[in-house]
Amino acid sequence: MLLLHQTLASSSTMLMMSSTLSYSSSPPSLGHWKTPTCLQTTSPSLLSKRKAWTLRTPVSVSSSDNQTVTPSPATKDDAADTQLASDIVRRFYEGINDHDLASVEDLIAENCVYEDLIFPHPFVGRKAILEFFKKFIDSISKDLQFVIDDISTEDSLAVGVTWHLEWKGRPFPFSKGCSFYRLQVLNSKKQIIYGRDSVEPAIKPGEAALVIIRGLAWLLQRFPQLADQLK
């Protein structure tokens, strides 16, 4: 009898384990069989390993033990890159048209050189240039305005402009001109460092200008020392 009871108990235990293993992953809808508590709990060490396997992502590894990521440094002129040189020059003309030298001052570099070819000498320095334009705007009214005909936009630090003057919206005589401006970047700002104006002459010699040029070229060939007088 004892042997029979042990055999039945062993068979019952094996039957329960077999049923448990069969339904632990997919328990029956009637819920007669439940996964034993010992099989429902996962050990902490296994959880930590599973978490590590799940969260680990590929990374680029260098030979250095200290993995530090440094972003690419921004250049100090990034802000200036967003400023179009042509926009700076347009603002320059707008300030002159509005007789607003305060808005023009910051567009001109401290050591700017400005050549107006109807004057014998260039204006050197921001102060001298602003004084020149003050005399100019004091001698005219706001009815006389610069009008830009064309302006280059390809170069980030050089601008060519063709323009004319208008009086109350009408072309002003002998007022066509072209200008060139070179800019520099200082403290993340673009400023005009050089300018040159060439204005339409009131007297137009026409072909006589070619005669004058030919005569001057002949004199320089005969007397090269005269070239020193042209400086």
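How many helical turns separate Asp138 and Lys134 in helix 7? Let's start the tour there. Keep in mind as you click along that this is a predicted model.

**Stop 1: a pair within helix 7**

Select Asp138 and Lys134. The two sit four residues apart in helix 7, so about one helical turn separates them. Show their side chains and you will find a salt bridge, with the closest N and O atoms 3.0 Å apart. Now switch on the surface. Asp138 is exposed, because its relative accessible area of 53% is over the 50% cut-off. Lys134 has a relative accessibility of 44%, which makes it partly exposed.

Side chains of opposite charge can pair when their charged atoms come close. A search of the whole structure finds five such salt bridges, and two others are on our route.

**Stop 2: from strand 1 to helix 7**

Next, select Glu110 and Arg126. They form a salt bridge in which the closest N and O atoms are 3.1 Å apart. This pair links distant parts of the chain, since Glu110 belongs to strand 1 and Arg126 to helix 7, with their positions 16 residues apart in the numbering.

Which of the two partners is exposed, and which is buried? Glu110 is the exposed one, at a relative accessible area of 54%. Arg126 counts as buried, because its relative accessibility of 17% falls under the 20% cut-off.

**Stop 3: from strand 1 to strand 7**

Stay on strand 1 and select Glu115, then add Arg196 from strand 7. These two are 81 residues apart and again link distant parts of the chain. Their side chains form a salt bridge, and its closest N and O atoms lie 3.2 Å from each other. Arg196 is partly exposed, with a relative accessible area of 39%.

**Stop 4: the largest pocket**

Time to look at empty space. Rolling a probe the size of a water molecule over the atoms shows where such space is left.

Select Asp116, Ile118, Phe136, Phe146 and Val199. The largest pocket holds about 340 Å³ of space, and of the 19 residues that line it, these five are the closest to its centre. To see the surroundings, colour strand 1 (108–116), helix 7 (126–138), strand 3 (144–151), strand 4 (158–167) and strand 7 (189–199), each of which gives two or more residues to the lining. Helix 7 gives the most, with four residues.

What kinds of residue line this pocket? The lining divides into 15 nonpolar residues, one polar and three charged.

**Stop 5: two cavities**

The structure also holds two cavities of 30 Å³ or more.

- For the largest cavity, select Phe92, Tyr93, Ile96, Tyr114, Phe133, Phe146, Tyr181 and Asp197, which line it. Its volume is about 40 Å³. Helix 5 (residues 85–97) gives the most to this lining, with three residues. By class, the lining has seven nonpolar residues, no polar ones and one charged.
- For the second largest cavity, select Phe92, Ile108, Cys112, Tyr114, Ile129, Tyr181 and Ile192. About 30 Å³ of space lies inside. Strand 1 provides the largest share of the lining, three residues. Here the lining has seven nonpolar residues, with no polar and no charged ones.

Keep Phe92, Tyr114 and Tyr181 highlighted for a moment: they line the largest cavity and the second largest cavity as well.

**Stop 6: Phe180 and Gly160**

Move to strand 6 (residues 177–186) and select Phe180. Phe180 is partly exposed, with a relative accessible area of 32%. Now add Gly160 and draw a line from C-alpha to C-alpha: the distance is 4.6 Å, although the two residues are 20 apart in sequence.

**Stop 7: a nonpolar patch on the surface**

For the last stop, show the surface again and select Ile212, Leu216, Trp218, Leu219, Leu220, Phe223, Leu226 and Leu230. Together they form a nonpolar surface patch with about 740 Å² of accessible area. One of them, Leu230, lies in the segment after helix 8 (208–222). Is Leu230 buried or exposed? Leu230 is exposed, with a relative accessible area of 62%.

Terms used. Residues numbered from 1 in each chain as written. Predicted model: local features only at pLDDT ≥ 70, side-chain atom pairs only at ≥ 80, totals over all residues. Heavy atoms only, no water. Patch = residues over 30% accessible without salt bridge, like charges linked within 9 Å, V, L, I, M, F, W, Y side chains within 5 Å. Areas by Shrake-Rupley, 256 points an atom, 1.4 Å probe, with all protein chains shown as cover. Salt bridge = Lys/Arg side-chain N within 4 Å of Asp/Glu carboxyl O. Buried < 20%, exposed > 50% of the residue type's maximum accessible area, 1.4 Å probe, protein only. 1 Å grid on protein atoms, 1.4 Å probe; cavity = no way out; pocket = protein on both sides within 12 Å on 5 of 7 lines; lining within 4 Å. Points joined across faces, edges and corners; volume = space filled by probe spheres on them. Nonpolar A, V, L, I, M, F, W, Y, C, P; charged D, E, K, R; others polar.
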